[in-house]
Structures are given as C-alpha cells and as structure tokens.
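This briefing covers a ligand site and the arrangement of domains in one protein chain. The sequence and structure come first, followed by the points grouped by topic.

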Amino acid sequence: MVYLDYSATTPVNKDVLDSFNKVCLEYPGNANSLHKLGRESYHLMEAATKQVADLMGVDSSEVIFTSGATESNNLAIIGSILKYKNRGNHILTTKLEHSSILETVNYLEKNGFVVEYINILENGCVNLDDLKSKIREDTVLVSICQVNSEIGIRQDVSQIGKLLKDYPKIIFHVDGTQAVGKTKVNLDNIDLYSFSGHKIYGLKGIGCLIKKKHIELVPIIHGGKSETIYRSGTPTVSLYVSIAKALKLALMDFDKKYHHVEYLNKYLKANLETMNLVNINSNENCVPHIVNISVKSIKPETLMHALAESNIYISTKTACSFDNSMSLSVYELTKNKEIASHSVRISLSYLTTIDEINYFLKILKEKIKELTIDLEGII
Ligand code: PMP
C-alpha cells in the first residue's frame, strides 16, 4: 500500500498506542474521584497537561482537551463570541478555512452575527491591508488557519497576531491542525490555538484548544468540571496521555523529518511538472507535506478510485468536506473553476519513501493515459 493521505489522518505511532493501552489497563480511576485510584489518574492527567503545555510554550492552565480540532474550533469561535458579545458581532476569517470553521461561522451568521472574509494575495497569504481595512469597531474575532488543509498554504500567524495587538478587543484564533509537526509554532501573539491528535500520529478522538489566560470562553458542553470547566465529562486521561506523547514524538527530530519531506516534495513536483495534463496548485508558500494538483479532464473521484485500484491512497479536497463540488480553497487561490473542480491532494509524511513516490508517479502516468482520450490520430 502507498498511503499518501497523511493530511486526512496519520497512522498511530506504536509508542502512543502503548501509552494509551497502559493508562487504560493500569489506571482505571476517575480523575475526579478522591480515592487512591482517582488520585493516580489525576496525577497522570496533570502530567499530560503539563507536557502539552511545555511543548506548546504555554502554562498548564491554558490547555483544554477536546475530542478533536472540530470541537476545538467550535469552542474557540462559539465560546468567545458568546463570552464577548457585548463587544460586537463581527467575525473575520478567510475562505481557506476548514469546514469546521466555515460551517461554524455560517451557523453564527444565520443567528445574527456578521461574517466577512479577508482577501488573500496571489501567493495565498492573507492580505494584511485588506484585513486592516475590514476591522470594525464591533469586530470580536479573527480566525485564521495556520496551514490550509487542501493546498498547504502557510500563513504568517505571528505577523498577523502582531498586527492585531493594535486592536486589543479582538480575539485571535488560529486553527493549527495542519501546522503542528509540519511547521514551527509560536503562540506568542495568538489567543486561541486548535490542534488534533490524529494528524500527528496520535489517536482519533482527542484534540486540544490552547486558551491564553486573559481569554474567557462560554463552554459549549455543560455538566460540571472535568479537566477544565470549559469541557465537561469524565476526564479521558488515557487520551490526554496519548496526545501528550504524540506531540512529544511529532516535535522530536523536527528538522530531520522536515528536510526529508522537503526532498520528497521537490522530487515529486519536478516529476509532476513534466506531465502534460497536470497543474500543480501548491506553491512555494506551502508546507512540503501537501501537494495539491489538478488533472485536466479527469474527475477527482475517478482519479482517486483509479489510484486506489493500485493500492495508492490520496484525497479529493478534504475528507471532511460535504459534497463533490469544486474545492473552495483551490478556487480562492486560483480563481479558476476548471482547476478547482479537478483538484486532488497528495500528502506526505516523514514515513514516505522515494520508492513510494516513484510508484505513485508511474501509476499516475498510466492512469492518466487510461482515463483520457488520445486525440492524436483521431482529429
Ligand atoms: N482543521 C483543519 C485544518 C483540518 O485539516 C481538520 C481535519 N481535516 C480539522 C480542523 C478537524 O480536525 P478533527 O478531525 O480533529 O476534528
């Protein structure tokens, strides 16, 4: 099997699974129980929280565990907009966001909030002048994805955060789900930061929202204190430990892993450039882990299934998008409907090998030939 869909989800690291199993089997207590078993689980929960906090450069009190980035994004947006509704009802975001942002702001828009989308530059970066011009007296929240999930566009969220320091009433949320482990993260000028375990070789069903101390949120799940007051329910200590371990491993040997993926990316792109019907949508501004391409005249689903016949797995758009229409992100970048309705995503990992890339390129060439009509000799 050649798995090239690491941005949809990653295989769990065996050490992460071992830690999860150990906690499940050996620490059965409820972390909120006052007896010995409860205290043991509580201490593990505290240690996992501290490890996540240390690795992200924040305080333990700034870590909120969630079920994944979708919940983190919902909590960040709905929780802050409700808490600070006295400041106004204007939200700024971009069209490069994941559906868990776009659908959440759509929902808020239907409920009286005003949402505006910041323009991007030709290279995919947020247009800072447009951002500044769209800020209003009643702007409460700016939400921007650090790395776009479909094309891999990387935003300079530190610079955006610095700019927003001039507007102290605005809360700055960053969706870092595709960024952690793929690019350097610095939370200095960021108020809220979402990420997920299963994108960093951890388990599905655990995520995190970093919430800086000066920010308050209204919980979206009610029912008493858990690990924090922001997210009720019996603490899932085994999952907290699993994401703490996954994060530690994801950041270990960062440069070595990054350079390997960068090398694969260059090799892959150089070969894709020689293919007739292929347009590469990812640019120099993207993380090397994501290569978005459009293959003219072949439907993305057709290509995806054809490759799967040869045991190669890639994505059309993101796994979480609703329908099969064109990719909003690719359209936002290229302003070309043809390209945006024919895009597929190839996503790489430090686990990917050059042999896998060569096999993919060979099969891709064959499938493109099979799926297109050779007009030469006919017309
Ligand atoms: N944001 C981005 C940028 C993503 O890529 C994803 C997952 N595709 C999510 C949020 C949602 O993550 P989760 O699956 O953990 O809910």
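How many nonpolar, polar and charged residues does the shell around the ligand have? The model is predicted, and in it the shell is made up of 10 polar, 3 nonpolar and 2 charged residues. The points below take up the ligand site and then the two domains of the chain.

**Ligand shell**

- The ligand is surrounded by 15 residues, of which Thr70, Asp175, Gln178, Ser196 and Lys199 come nearest.
- Helix 3, spanning residues 69–83, provides the largest share of this shell, with 3 residues.

**Polar contacts and burial**

- A side-chain N or O atom of Lys199, one of the residues that come nearest to the ligand, lies 2.7 Å from a ligand nitrogen atom.
- His98 places a polar side-chain atom 3.3 Å from a nitrogen atom of the ligand.
- For Ala69 the atom concerned is a backbone N or O, 2.9 Å from an oxygen atom of the ligand.
- The ligand taken alone exposes 400 Å², and 91% of that is buried by the protein.

**Domains**

- The domain assignment splits the chain into domain 1, consisting of residues 2–8 and 252–378, and domain 2, consisting of residues 14–251.
- Between the C-alpha centres of domain 1 and domain 2 the distance is 28 Å.

**Domain interface**

- In domain 1, 33 residues are in contact with 31 residues of domain 2.
- The area buried between domain 1 and domain 2 is about 2800 Å², with 54% of it on carbon and sulfur atoms.

Technical notes: Residues numbered from 1 in each chain as written. Predicted model: local features only at pLDDT ≥ 70, side-chain atom pairs only at ≥ 80, totals over all residues. Heavy atoms only, no water. Near = heavy atom within 4 Å. Polar contact = N/O pair within 3.5 Å; in protein donor to acceptor, adjacent residues only side chain to side chain. Areas by Shrake-Rupley, 256 points an atom, 1.4 Å probe, with all protein chains shown as cover. Helix = DSSP H or I, 4+ residues; strand = E, 2+ residues; numbered from the N terminus. Nonpolar A, V, L, I, M, F, W, Y, C, P; charged D, E, K, R; others polar. Domains from an automatic or database assignment. Contact = heavy atoms within 4.5 Å. Buried area = accessible area lost by both parts, 1.4 Å probe.
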